Amino acid sequence: MAYIANNTERRYALKSYHHAADKPDCPSCGRKHRFSEYIDLRTGKPVGPGCGKCDRENHCGYRVTPSDYFKQHPEAKYGYLTQATPVFRKERKPLSYLPDNVFDEYPTPYTESVLAHWLMTKAPSKEMLDKVAKDYRLGATSTHGTIFWYIDHMGKVCQGKMMWYKPNGHRNGIVSTISHDMAKKGKKPEGTEMQRCLFGAHLLKVRPEDVVYLVESEKTAIVMAMLRPQYIWLATGGCSNLNTYVVRPLFNRRVVIIPDSGCLDKWRKVMQQTKSIQYSFYEELEKHPANSDLLDVLFPGE
């Protein structure tokens with residue numbers, strides 16, 4: 001097996017870019033110019049859309065190797081050499097939303113995901129988990145991944161983030177998006193740039209008086225929504241995903257911000273550029289190892 005893997009590595013490699021600005025955007029976190037594509041060393045062409053890795057390993061973690069890509073797209077094993085296209089186009093395009101009927105396209109209930117079984121171990125009750133899953137519109141893929149729907153404060157669907165987990169609640173490293181999946185099926189143009197929002201932002205309108213807690217991980221927001229349901233729990237989906245645009249719906253709201261350890265300074269600089277948000281930072285996570293989040297503190301050793 002090792003010999004085959006080594007041959008695969010010699011056939012494919014991450015593309016070397018002369019300038020960082022030449023890199024595509026990451027299909028998972030959306031960070032500009034941080035995605036490195038895998039190329040076929042025999043042709044110099046990309047293996048396929050979304051095959052590569054995000055430079056932000058500690059905060060995004062997106063990586064699809066050629067092996068992963070061919071497992072997901074067996075038809076590309078022999079046909080990709082003439083069909084490969086860039087993951088993202090350089091020209092500026094209007095931001096778009098997912099279609100209103102997108103939930104009908106992905107009807108698998110959240111209970112079919114591997115993560116759902118782990119969430120049940122943290123839930124006060126099955127009824128509470130079902131309520132939170134309904135509130136956040138948790139979904140699942142046909143391959144037992146979890147779909148985190150990003151719905152903005154006006155109820156428009158910005159994105160669906162597909163993540164696969166192990167039974168222990170940890171990610172297995174595979175991340176994708178609904179917009180990419182729909183493009184692959186020919187239901188949406190490839191390379192469309194999507195609107196962005198905070199995970200859970202649609203709850204702001206229906207709970208106008210509640211205090212908001214903002215974390216990085218969608219999984220953390222779901223667990224805390226079960227354990228502390230009196231608050232609205234939102235997530236950025238990545239350390240670099242916090243910006244002045246996505247926090248605009250938080251104007252005139254009381255917000256407690258809990259960044260993962262190592263991200264405090266970055267988030268503080270972003271919030272200093274905002275106005276009319278009554279925010280404070282919970283800084284205790286800075287005492288813990290890098291990239292620790294609230295669940296690492298509440299459930300140590302897991």
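These points go through selected features of a predicted model, for a reader who is new to the structure.

1. Helix α10 is a convenient place to begin. This helix runs over residues 264-271, and its buried residues are Leu-264, Trp-267, Val-270 and Met-271. Because these residues cover an arc of only 125° around the axis, they sit on the same side of α10. The face turned away from that buried side carries Asp-265 and Lys-269, which are exposed. As for what the buried residues of α10 pack against, the partners are the strands β9 (212-215), β11 (254-257) and β12 (278-281).

2. The loop between α10 and β12 deserves a residue-by-residue reading, starting with Gln-273, which lies in this loop. Gln-273 counts as exposed, at 59% relative accessibility, and its side chain reaches back to the backbone oxygen of Lys-269 at 3.3 Å. Lys-269 is itself one of the exposed residues on the face of α10 turned away from the buried side. Gln-273 and Asn-243 are 30 residues apart along the chain, and their C-alpha atoms are separated by 9.2 Å.

3. Thr-274 belongs to the loop between α10 and β12 as well. Is Thr-274 buried or exposed? With a relative accessible area of 16%, Thr-274 is buried, since the cut-off for that class is under 20%. The side chain of Thr-274 reaches the backbone oxygen of Met-271 at 2.6 Å, and Met-271 is among the buried residues of α10. When residues up to four places away in sequence are not counted, Thr-274 touches Thr-244, Val-247 and Tyr-279.

4. Two residues should be checked for their backbone angles. Ser-276, in the loop between α10 and β12, has a phi near 65°, a positive value in a residue other than glycine. Ser-276 is partly exposed, with a relative accessible area of 48%. Arg-137 is found elsewhere, in the loop between α6 (126-135) and β5 (139-140), and its phi is near 55°, which is again positive in a residue other than glycine. The relative accessible area of Arg-137 is 41%, and this residue is partly exposed.

5. Helix α9 is mostly covered, with 9 of its 10 residues buried. The buried residues include Glu-218, Lys-219 and Thr-220, and further along the helix they include Ala-221, Ile-222, Val-223, Met-224, Ala-225 and Met-226. At the start of α9, a side-chain oxygen of Ser-217 reaches to within 3.1 Å of the backbone nitrogen of Lys-219.

6. Enclosed space comes next. Rolling a probe the size of a water molecule over the atoms shows where empty space is left. The count comes to 1 cavity of 30 Å³ or more, and the largest cavity has a volume of about 40 Å³. Which residues line the largest cavity? Its lining is made up of Val-215, Glu-216, Ser-217, Thr-220, Ile-258, Asp-260, Leu-285, Asp-293 and Leu-294. Sorted by class, this lining has 4 nonpolar, 2 polar and 3 charged residues.

7. Open space can be read in a similar way from the second largest pocket, which holds about 600 Å³. This pocket is lined by 27 residues, of which Arg-171, Ser-217, Lys-219, Asp-260 and Asp-293 are the closest to its centre. The elements that give two or more residues to the lining are β7 (157-165), α9 (218-227) and α11 (294-298), and β7 gives the most, with 3 residues. By class, the lining of the second largest pocket has 6 nonpolar, 10 polar and 11 charged residues. Ser-217, one of the residues closest to the pocket centre, is also named in the lining of the largest cavity.

8. A last point concerns Ser-36, whose place is in strand β2 (residues 35-40). Ser-36 is buried, with a relative accessible area of 7%, and its side chain makes a polar contact with the side chain of Lys-23 at 3.5 Å. Leaving out residues up to four places away in sequence, Ser-36 touches Leu-14, Tyr-17, Lys-23, Cys-51, Gly-52, Lys-53 and Asp-55.

Methods
Residues are numbered from 1 along each chain as its sequence is written. This is a predicted model: local features need pLDDT of at least 70, side-chain atom pairs count only at pLDDT 80 or more; totals for chains, interfaces and linings use all residues. Side-chain values use heavy atoms; hydrogens and water are left out. Buried means under 20% relative accessible area, exposed over 50%, partly exposed in between (1.4 Å probe, protein chains only). Helices (H or I, at least four residues) and strands (E, at least two) are DSSP runs, numbered from the N terminus. The arc is that of the directions from the helix axis to the C-beta atoms. Contact means heavy atoms within 4.5 Å. A polar contact is a pair of N or O atoms within 3.5 Å; within protein, one must be able to donate a hydrogen and the other to accept it, and residues adjacent in sequence count only if both atoms are side-chain atoms. On a 1 Å grid over the protein atoms alone, a cavity is a set of points where a 1.4 Å probe fits but cannot get out, and a pocket is an open set with protein on both sides within 12 Å along at least five of seven lines; lining residues have an atom within 4 Å of a point. Grid points are joined across faces, edges and corners, and a volume is the space filled by probe spheres set on the points. Ala, Val, Leu, Ile, Met, Phe, Trp, Tyr, Cys and Pro count as nonpolar, Asp, Glu, Lys and Arg as charged, and the others, Gly among them, as polar.
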